[in-house]
Structure formats: C-alpha cells, structure tokens
Amino acid sequence: MRKRNIVVGLLLSLAAMVMNGQGKYLTESGQISFFSHTLIEDIRAENQEVSSVIDASTGEVAVILKMTDFQFPKKLMQEHFNENYVESEKFPKATFSGRIRNNDQVDYSTEGTYKVQVEGELTIHGISNEVEAEGTIEVSVKGISARTKFMLNPEEFGIKIPKVVRRNIAEKLEITVEMNYQAI
Amino acid sequence: MKILRLFIILFLSGSGINLNLAGQDLESLLEDRMGESSEFTSATFKATRILNGHSIERTHEGQLDFRISHRFGRINEGAYEFFGLDQAHIHLSLEYGLKDWIMVGIGRGTFEKTVDGFTKFSLLRQSSGARNMPLSLTFISGVYVNGLRWSDPDRENYFKHRLGFANQLLIARKFSQRFSLQLTPSYLHRNFVKTEEDPNDIFALGAGSRIKLTKRISMNAEYFYLFLPEAEALSTRIFHPLSLGIDIETGGHVFQIILTNSVGMTENAFLGHTTGRWLDGDIHIGFNISRMFQLKK
C-alpha cells in the first residue's frame, strides 16, 4: 500500500516538473559586441563571456557581463574604454533583467525559429534604462539560441564622450547579441 | 493511514515543484555562478615613463610606441637664450611589446650621442578580487653606448669603455583611481668614467607618483636619491634628479610637459650626470610625446 503511495507521489512530482517546465536555459559564453561607425573610424569590441539565463516558463531573461571582458583590437582603446568611458573599476558589470513579451508564442519543445520582443531594464555604468528590442529564439536539438540587434546611446547611460573624439565615436552604437543556451 | 498517504503524495509532488522553481531570481542565479573574479589593475601610470625614469607600465603585445622627448637648456640662462629654449637635447626611441609582459626598446639621445636599448619585464601585476596582489613589480635592464669620438684617439681605446648598464626594480601600487606610487631601486654601472674620483657604480632609490586631476590629465613627480660617497669629491658635482610634470592624454598620444634639473632622458644620463640644481634655477623645460601604433591585431 505504501509502495503505491510513493509511486503516485513520484508520478505527481514528475508531472509537476513537466508542467512548469520547460525549465531554465543558461549560457556562460554568450557574445555581445558593439559597433560604432563614423566617417573617421569604425570601432568594434566583443565580449565572449556573457552569462545569461532564460526561464522558459515565465519568459524572464537575465544577462550579466563584465565590462573588462570587452576585447578591442587596439589594447590602448580597451584601456581608455575601461578607464575613461565606462569606469569599469567603479561599475564592473552591466546587467539586463527583463522578459520576453510574447513568451507564450515560443514553444521550447518544438524545433523552429520564433520572433520575440524583449523588454526590460538595462544597467550600464550604474545607470538603468528601460529598453526593448526584437529578436529571434531558435529551438534546436542542441539547445536554444537567441539573437538580437539594437541601438544604444551611451550618453543615456551617463557615458560622456569628450568633444575631441566626438567625431570618432558614433552617437548610437549597434549592439549585437548572440547566445547559445543549454538547458539546466 | 490516509493522512500519511496524503502527506507522502504532497511531499513528493511538492519536491518536484521545488526542484524547478527554487524561488531564486534569475539575476542572483547568474551572480552566484559568476563567482568572484579577479581584476588586474590598469593604468597605474599613463605612459611607460613617469617622467624621466621608467614606470611599471609596458606597451601591450603588438604595440609600437614612437617616443620623441626634448629637454631644453636652463631656465636661468635668461631671455638671451630664450630661457633655455634655444638649445635642445633630444631622445628618440622605438619601443615594442613582444608580449603583454615583455617589451623592448631602442633609442638615440643627444647626451653623449648615446644609443640605448632596454628590456622590461613584468614580474607581478597588482590585482584585486579572488586573487589579491597589492603591488606590481617590473624589472628593467638597459644598456647605453656612448657615441662620442674618443677624447684622445692616440691612446688605446676599447669599445667596452663606451658601455654603461642600468638595472632597476620598479615597485608600484595604484592606491586609488587618483593616486599611484612607485619605488625604484636602481643600480647604474659605467665601465669607464672621466676621472678616478668618479664612481663606476651608482646606487639610487627613486620615488615617483601620479595624481590624477581629471580623466585625461595627471600630475607626476619623480625623485631619485643617489647614494654617493661624497658629492664634492667628484670631478663634476652631480645632484639628485627631481622632475615635476603634467601628463595629458588624447587618444593614442600621451604628452608629458616636464620641469627637471636633468638634461638626460635615459638612466645613464639622469642618474650619472644630473649637474643642475633646482635651488640655483638650473631647471630645464622639457616634454615627452608618445604615439602608439597597433602593429598586430
């Protein structure tokens, strides 16, 4: 009799797991790059150590990265970026906390590519702004991957661009996000 | 019995829910996974020189630094010499980062028409976080070849008599975003000196600091205390080199505007031949310009 109780209990607990989910997906090697284009020069930097997690059941998304992980082709530029612009010693991390607005349209158990809208709070340089972007989520056997591109104005995050280099740095930076998540 | 059954069922099904929801928000989950990392301190000084002497900083791998330095004549020479600006000593050098931790340089200076070369290694880097290192430690070794014609060509002259060597340990700490300090125990050896009274070896202890005034401007000071037997006993009296300056950084350039009692810009010159005295107004205006080129991506 008791054995049967345990079996029922286990079955229910399994059902509970299946119901909510679609669990969480994690990456610790996501890529985020930014690109600044002006007539004078193009500047690109890439961070390949971005951590992110998606909760498939709720559509919640969190992203965190270290500013010093942005790699520039010119190391001196990297030093200036960290010391003079984003002040990485004071503000070592950038975070995003938000949700997929149309999460119910994403079927995490069926292969395919889904268009999503993401909104949430982006914090860089100690300043938070509400942002939203469109992107895609691709579900495949290997896991899920997410991609998005959006524009960002560094001045909105209190990052001052001095006049002398104003013409070298674009007013809006193009941010490209590419993450390959694994289920946890 | 019924109650017990219900209890077991609820307990087990509950554990299933707990497994997934765990009640932890996503951001703190990521924070926890990231753990504590360690950060290397950057920009203890803005250039590879504090003013005359080397700082712990190196050029990064693949970076070429082209440096142009000038020291003018003495301010106390007055208006006729345009306060020293009518004369100039120069030092030109090309310096390259082989790796982030090792750089080499070659230069040519007006003082004794010297060609110089150096190698600079990083031994320790200041870091904070998981790995805490309070200091940065760099070692530099330089060789200086006097290029003047022999004062007495009839005597037997040896090439080795042209050589001088300097070794320095650079110990620095960036105390805050605004303040960095470096101590520089130094040893200079000259194979050949002017007279018997002049020492072949000079030991010195240097101290240099940087105070950041704005994001791109800092004030630097540098002093070397020379351990000399008796200054008056030398054929030419030499003084402890003291330099004050301002660093201005713009993109790939660093400008340093300097006031110093030394006309030489390399270790053999400022440790061994600083003949100016601040109190007498033997002050030279000077500048260093550093221009970085990224050769390797």
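Q: Two residues are in contact if their C-beta atoms, placed from the backbone, lie within 7 Å. With that in mind, which residues does A:V63 touch, leaving out those up to four places away in sequence?

A: One thing first: what we are reading is a predicted model. In it, A:V63 is in contact with A:V50, A:S52, A:T95 and A:F96, once residues up to four places away in sequence are set aside.

Q: How do I read a nonpolar core, and which residues of the largest one touch the most other members?

A: In soluble globular proteins, nonpolar side chains tend to gather in buried groups. Here the largest nonpolar core has 31 residues, and A:Y25, A:V53, A:A62, A:V63 and A:Y181 touch the most other members. In chain A, β1, β2, β3, β4, β5, β7 and β8 each give two or more residues to this core, as does α2 (26–34) of chain B. The largest share, five residues, is that of β3(A). Another core lies apart from this one; its 12 residues include B:L188, B:L226, B:A269 and B:L271.

Q: Now the sheet. In what order do the eight strands of the barrel follow one another?

A: Strands of a sheet pair through backbone hydrogen bonds, in either a parallel or an antiparallel sense. In chain A the pairing is antiparallel, and the barrel closes in the order β1-β2-β3-β4-β5-β6-β7-β8. From one strand to the next, the twist averages 25°. A helix of chain B joins the picture: α2(B) packs on the sheet and touches β1, β2, β3 and β4 of chain A. The direction of α2(B) makes about 35° with that of β3(A).

Q: Let's zoom in on one strand. How many bridges join β6(A) to β7(A), and what are the partners in register?

A: Six bridges join β6(A), residues 127–140, to β7(A), residues 143–152. The two strands are linked by a hairpin of two residues. For the register, A:T136 has A:R147 as its bridge partner, and A:G135 faces A:T148. β7(A) also pairs with β8(A), residues 173–183, in the antiparallel sense over nine bridges. There, A:K149 stands opposite A:T176.

Q: And away from the strands: why does A:D69 count as partly exposed?

A: A residue is partly exposed when its count of other C-beta atoms within 10 Å falls between the exposed limit of 12 or fewer and the buried limit of 20 or more. A:D69 has 16 C-beta neighbours inside 10 Å, so A:D69 counts as partly exposed. Its place is the loop between β3 and α2 of chain A. Setting aside residues up to four places away in sequence, A:D69 touches A:N47 and A:E49. A:D69 and A:N47 are 22 residues apart in sequence, yet their C-alpha atoms are 5.4 Å apart in space.

Key. Residues numbered from 1 in each chain as written. Chains lettered and ligands numbered in written order. Predicted model: local features only at pLDDT ≥ 70, side-chain atom pairs only at ≥ 80, totals over all residues. Pairing = 2+ DSSP bridges. Helix = DSSP H or I, 4+ residues; strand = E, 2+ residues; numbered from the N terminus. Core = buried A, V, L, I, M, F, W, Y, C linked by C-beta atoms within 7 Å. Axes fitted to C-alpha atoms, helices over the stretch in contact; angles between N-to-C directions.
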